[in-house]
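Q: Could you take me through one small part of this model at the level of individual residues? I'd like to know where it sits and what surrounds it, and then how the whole chain looks.

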Amino acid sequence: MEKPAGKPLFAALAVLVVAVAAAFLVFGGRGTPGETSAEAGFARDMATHHAQAVDMSFTIRDKSESREIRSLAFDIINTQANQRGMFLGWLQQWELTQATNLRPMAWMSGHGHGARQPQGGAMPGMASEAELAKLAELRGAEAEVLFLQLMIRHHEGGVQMAEGLLKLSDRPEVANMARKIVEGQSGEIELMTKLLGHRNAQPLPTILK
């Protein structure tokens, strides 16, 4: 008389298997990224990194008369503002805060896989307050040259961060974004280097190794 109980048990196990399989498909078998995960750290730091690139691009767009520079600035504003929205959206989806007490770039240390945390824990390629103030003050070709120099270095930092993430995570949406950043910003570095050459100027010393 107790044998029929096997059917409900089998059904419950079947539901459990389906739920586990669905979770594996959604999260790739890794679950939602945690507070100190490489994915969360990358999203937070890259959102901050992108915000500065957008601000610098608005600055030069509003003062340059060069069609090439204004077009470049427009592309950076659109691309990086959209990507920043995705980073913040991931954090919300993962039920994580946008702000944290963790040091910038802490996610690149302690994970192995050959990733290296930048010296001092600073986000690579970020412009200083003095550099931003100088960019705001300059006009004409001088402003364009400084913008290109700062943005090349900024993009080098973005590439460095994205390549660091790829050494630590293969979570599909995050890794795909990191690859897009490496490809897109590397292409823009080449373009900006050419634009500097047209202005008889050179990039700042590279931070890439």
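**A close look at one site**

A: Happily! Histidine 154 lies in helix H5, and histidine 155 is found there too, within the stretch of residues 140–168. Keep in mind that this is a predicted model.

Start with exposure. Histidine 154 has 1% relative accessibility, so it counts as buried. Histidine 155 is at 0% and therefore counts as buried as well; the cut-off for that label is under 20% relative accessible area.

Now for the surroundings. Setting aside residues within four places in sequence, histidine 154 is in contact with His49, Gln52, Ala53, Met56, Gly125, Met126, Ala127 and Gln185. With the same neighbours set aside, the contacts of histidine 155 are Ile76, Gln80, Gln185, Glu188, Ile189 and Met192. Gln185 thus appears in the lists for histidine 154 and histidine 155.

One partner of histidine 155 deserves a closer look: its side chain and that of glutamate 188 are joined by a polar contact of 2.5 Å. Glycine 125, a contact of histidine 154, also has its C-alpha atom 6.9 Å from that of histidine 155, although 30 residues separate glycine 125 and histidine 155 along the chain.

Stepping back to the whole protein, there are 6 helices and 0 strands, giving the pattern α-α-α-α-α-α along the sequence. Of its 209 residues, 41% are buried. Among contacts with a separation of 6 or more, 77% link residues 24 or more positions apart. The protein exposes about 11,900 Å², with carbon and sulfur atoms supplying 57% of that area.

How values were computed:
Residues numbered from 1 in each chain as written. Predicted model: local features only at pLDDT ≥ 70, side-chain atom pairs only at ≥ 80, totals over all residues. Heavy atoms only, no water. Helix = DSSP H or I, 4+ residues; strand = E, 2+ residues; numbered from the N terminus. Buried < 20%, exposed > 50% of the residue type's maximum accessible area, 1.4 Å probe, protein only. Contact = heavy atoms within 4.5 Å. Polar contact = N/O pair within 3.5 Å; in protein donor to acceptor, adjacent residues only side chain to side chain. Areas by Shrake-Rupley, 256 points an atom, 1.4 Å probe, with all protein chains shown as cover.
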